[in-house]
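Work through these exercises with the model open beside you. Each task is followed by a solution in steps.

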Amino acid sequence: MKKYIHPYFQWLAAALLLLASCANHPDVPSSSKEAKALPDIYPDYCEVTVPCNIAPLNFMLPADEYEACVARFTTPDGGQQTYGNGVKVQIPESEWHDMLDASKGKNIKVEVWGQKDGEWLSFNPFEIHVAEEPIDEYVSYRLIEPSYVAWDFMEIAQRNLTSFDETQIFNNDVTMNDPKIGQCINCHSYQNYKTDNMLFHVRLANAGTVIVNDGKVSRVNMKRDYTISGGVYPAWHPTAKLVAFAACKTRQAFHTANHNKIEVFDLASDLILYDVATDSVSIICNDSTLLEVYPTWSPDGKYLYYCKTVPLPEDLYGKDIRSTFEKVQYNLYRRPFDLATRNFGDEEMVYDAVSSNKSATLPRISPDGRYLLFALGQYGCFHIRHADADIVCMPLNQDSVAHHGEESPSFLDMTNFNSEGFADSYPTWSSNGHWIMCSSRRVDGNYSRIYFSYFHDGKVEKAFLMPQEDPEQDTYLLKCYNRPEFMVEPVTISVEEFSRVFE
């Protein structure tokens, strides 16, 4: 039976809808003065290339300079729409995705007007290039304050990149029964971008590794009598229920004058292999005089890549960290792996960073096996704390991978991806290899944010900040986005279900 609605309420609803539409779809100014410059919008989405399924690129003009903002979007089919509410441009998701669909493989033209001191200024138009390739629908990250003493509440969250939906995977509040001890959660990792095989770590209170094996949750202790610690920095084998880890004795030091503020370093570090099915741990390499860390598999599972130090000069052994931290540098190596026998072959050098007075960390191989991403700084293994750290991309030649001091490896031009003078770290690939992501402190030097770039035929387009429903959200969010990881599907196990393995 159809419900009767009084004509007055029908009129009122229509009027409110029209009022809301007019507020969000304002007319462009009838007259304006040419600014003869691109608009100073935040985030900077001028001339970026974006996925065909990304969430709306909402932006704003500086609120301390402008009273209002209007933007007009024009798609290749001639469709036009205007947006503006105060100094912010916030686009309804359905309308934005209609624009993306109409512009796939082409461009959206954007014109911006800003009102300053009562006068309208018209800025130079720019384009948003819409790639035909989509981005993975989900990304996960740890949200944590950039604390320089301790931490309190932290969480691992997941975000739908096609919208603004963010949900919690786990937090350290549900199982931390002793606040004096505290609890740290970190190192979320997935097999082949899927979530039916995944893990994350819990340290200190209720310590252990939470593993999801074909959708079933358990908590394991990977510390063995013959290992220096449990596993950290995980890397799932692409086809087998095997996970490579580093086993580390990690420490922090705090600078008083150095602008990098924190030094994270290892006293000892080995590589181990964990068999999920048998709950067994084997040693990959454990040279007590060197540090091995950050394992990652080639997409075919035939090689394990990792980072390793070179020996310190003899006169520095046993010295205080204050005199040695800048001398610790890592090269990139790999070992062949035989899945049938579970044996690793001899070590091969992939990139000799130390010969260039550099340190290479966090390697990631593209899904097609053709390119190697890694973070490169002057020293150390925790580059998210080092302002000089950049992301490097190196083509891989499977027949000859070693680059020694007398050779110059061929690096791709990453100028469009890296920032200048701020830490860029945690690089990774989307599942189709057309989008790269990193965590960067480029906004203010303190808080790390997520940036994406389009990657095609060895070329990297201008990086853009992960979109937010409110363009000011990252300004007010006093949390860092730590270790972002692409996912093709969300984690469907609830926080409560994860917490049961701690009972």
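**Exercise 1. Place Ser298 and its polar contact.**

Task: find which backbone nitrogen lies 3.3 Å from a polar atom of the Ser298 side chain.

Solution. Step 1: select the side chain of Ser298 and look for backbone nitrogens. The match is the nitrogen of Lys302, at 3.3 Å. A polar contact is a pair of N or O atoms within 3.5 Å; within protein, one must be able to donate a hydrogen and the other to accept it, and residues adjacent in sequence count only if both atoms are side-chain atoms.

Before going on, note the ground rules. This is a predicted model: local features need pLDDT of at least 70, side-chain atom pairs count only at pLDDT 80 or more, and totals for chains, interfaces and linings use all residues. Residues are numbered from 1 along each chain as its sequence is written, and side-chain values use heavy atoms, with hydrogens and water left out.

Step 2: locate the residue. Ser298 sits in the loop between strand 21 (292–297) and strand 22 (303–309). Strands (E, at least two residues) and helices (H or I, at least four) are DSSP runs, numbered from the N terminus.

Step 3: check burial. Ser298 has 6% relative accessibility, so it counts as buried. The cut-offs are under 20% relative accessible area for buried, over 50% for exposed, and partly exposed in between (1.4 Å probe, protein chains only).

Step 4: list the contacts (heavy atoms within 4.5 Å). Leaving out residues up to four places away in sequence, Ser298 touches Pro238, Tyr303, Tyr305 and Ile365.

Step 5: stay with Tyr303. Arg334 lies over the face of this ring, 3.7 Å from the ring centre. A charge sits over a ring if NZ of Lys or CZ of Arg is within 6 Å of the ring centre and within 35 degrees of the ring normal. Lys116 lies over the face of Tyr66 at 5.6 Å from the ring centre.

**Exercise 2. Describe Phe200 and its sheet.**

Task: is Phe200 buried or exposed, and which residue is its bridge partner in strand 15?

Solution. Step 1: find the residue. Phe200 is in strand 14 (residues 194–204). Its relative accessibility is 1%, so Phe200 is buried.

Step 2: build the sheet. It is open, with 4 strands in the order 13-14-15-16 and antiparallel pairing. Two strands pair if DSSP finds at least two bridges between them. Strand 13 (183–191) and strand 16 (216–220) are the edges; each has a single partner strand, so one side of each has no neighbour in the sheet. The twist averages 20 degrees from one strand to the next. Axes here are lines fitted to C-alpha atoms, for helices over the stretch in contact, and angles run from 0 to 180 degrees between N-to-C directions.

Step 3: pair the strands. Strand 14 is joined to strand 15 (residues 208–213) by 6 bridges. Phe200 has Val210 as its bridge partner.

Step 4: list contacts beyond four places in sequence. Those of Phe200 include Ile156, Phe170, Cys187, His188, Val210 and Phe498.

**Exercise 3. Read a three-stranded sheet and a hairpin.**

Task: which strands stand at the edges of the sheet 26-27-28, and how many residues lie between strand 19 and strand 20?

Solution. Step 1: the sheet is open and pairs antiparallel. Its edges are strand 26 (359–365) and strand 28 (390–395). The twist averages 30 degrees from one strand to the next.

Step 2: strand 26 and strand 27 are joined by 5 bridges. Thr361 has Ala375 in strand 27 as its bridge partner.

Step 3: turn to the hairpin. Strand 19 and strand 20 have 4 residues between them, and Asp279 in the turn has a positive phi of about 55 degrees. These strands, residues 262–275 and 280–285, run antiparallel with 5 bridges. Tyr274 stands opposite Val281 in strand 20.

**Exercise 4. Classify an aromatic pair.**

Task: what is the angle between the planes of Tyr371 and Trp429?

Solution. Step 1: the structure holds 24 aromatic pairs. Rings of Phe, Tyr and Trp (its six-membered ring) pair if their centres lie within 6.5 Å; planes under 30 degrees apart count as stacked, over 60 as edge-to-face and the rest as tilted.

Step 2: Tyr371 and Trp429 are 6.5 Å centre to centre with 35 degrees between the planes, a tilted pair. Tyr371 is in strand 27 (residues 371–377) and Trp429 in strand 29 (residues 424–429), 58 residues apart.

Step 3: check burial. Tyr371 is buried at 8% relative accessible area, and Trp429 is buried at 1%.
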